[in-house]
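Visitor: Could you take me on a close look at one part of this structure, the place where the ligand sits? I'm new to this, so please explain the terms as you go.

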Amino acid sequence: MIHLENVCKEFDTGFSLQNITLKVSRGEKILIFGPNGAGKTTFLKILACLITPSSGTIKIMGYPPAMRTKLLGSIGFAPQSGHLYESLTIKQNLEFYGKMYSIDQSELAERIHELLVQFNLSMKLDSKVSQLSKGMRQRLLIIKALLHKPQLLLLDEPYSGLDLESSEYLSHFLDSVEDKTMVTATHDFNAEIEKGQRIIIFNQGAIVFDEPWQDNVATFKDFYRWKVGQ
Ligand SMILES: Nc1ncnc2c1ncn2[C@@H]1O[C@H](COP(=O)(O)OP(=O)(O)OP(=O)(O)O)[C@@H](O)[C@H]1O
């Protein structure tokens, strides 16, 4: 599904993502951890074909990112913020993105309804994005990422800003998703790790750990601290 070899990304600020090499199989669910500024978002944006690496080789579903038009219908990216039209309503935003993904009109209406009910946002259908709370925006970004039923779901701190109920709902929802490959960047140590779960830790632009977590889940936080020197 994903194959990266020696991928680097240098910014003029001095940060660089260094020699990222990994493979992700279809259906894998991966959690990405790392301190602020470690490169998690940059990594996700590279997978979402939103950033071009400075060097290295990438294949996503068999295609290089240069063929992003072939890939975009299969990738859903929920960023930390942005990517929404503030002066448009939820309905208008989702209709816009639905058209962009060429979803049939009647299917789109049904899909929007279904996702808004699932994520408890139906009552805000006609509210402008600018009037939504942070948690509601977060849920809308996830709905937007799911709208076109992508095979690859990329989530950048999806739990940030969610209240307990929304957070528990999202966690159950993501656990129940079986047909997608998921890569989730998070700072939430408690809620999500399961034994056997593949975890990648970034530190200063490099991958410092990439393995299934086989130990006791409670020990992960200490292991993480040791790995990133915090
Ligand atoms: N467009 C850009 N131009 C220049 N530097 C950038 C750009 N985007 C990110 N950076 C820098 O790259 C580094 C990694 O940022 P990134 O957002 O990937 O980190 P992160 O691990 O997602 O952090 P956080 O946990 O705070 O979200 C940071 O030093 C950031 O300032």
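Visitor: By class, how many nonpolar, polar and charged residues does the shell around the ligand have?

Guide: Before we start, this is a predicted model, where local features need pLDDT of at least 70 and side-chain atom pairs count only at pLDDT 80 or more, while totals for chains, interfaces and linings use all residues. Residues are numbered from 1 along each chain as its sequence is written, and side-chain values use heavy atoms, with hydrogens and water left out.

Now to your shell: it has four nonpolar, eight polar and two charged residues. Here Ala, Val, Leu, Ile, Met, Phe, Trp, Tyr, Cys and Pro count as nonpolar, Asp, Glu, Lys and Arg as charged, and the others, Gly among them, as polar. Altogether, 14 residues surround the ligand, and a residue gets onto that list if one of its heavy atoms lies within 4 Å of the ligand. The closest are Gly37, Gly39, Lys40, Thr41 and Thr42.

Let's zoom in on some polar contacts, meaning pairs of N or O atoms within 3.5 Å (within protein, one must be able to donate a hydrogen and the other to accept it, and residues adjacent in sequence count only if both atoms are side-chain atoms). Thr42 uses a polar side-chain atom, 2.6 Å from an oxygen atom of the ligand. Gly39 joins in through its backbone instead: an N or O atom there lies 2.9 Å from a ligand oxygen. Glu157 has a polar side-chain atom 3.4 Å from an oxygen atom of the ligand. On its own, the ligand has 650 Å² of accessible area, and the protein covers 64% of that; such areas come from the Shrake-Rupley method with a 1.4 Å probe, and for residues only the protein chains shown count as cover.

While you're here, peek at the largest nonpolar core too. A nonpolar core is a set of buried Ala, Val, Leu, Ile, Met, Phe, Trp, Tyr and Cys residues joined through side-chain atoms within 4.5 Å. Buried means under 20% relative accessible area, exposed over 50%, and partly exposed in between (1.4 Å probe, protein chains only). This core has 31 residues, and Leu94, Phe119, Leu140, Leu147 and Leu174 touch the most other members. Helix α5 (134–146) is one of the elements that supply at least two residues, and its seven residues are the largest share. Helices (H or I, at least four residues) and strands (E, at least two) are DSSP runs, numbered from the N terminus.
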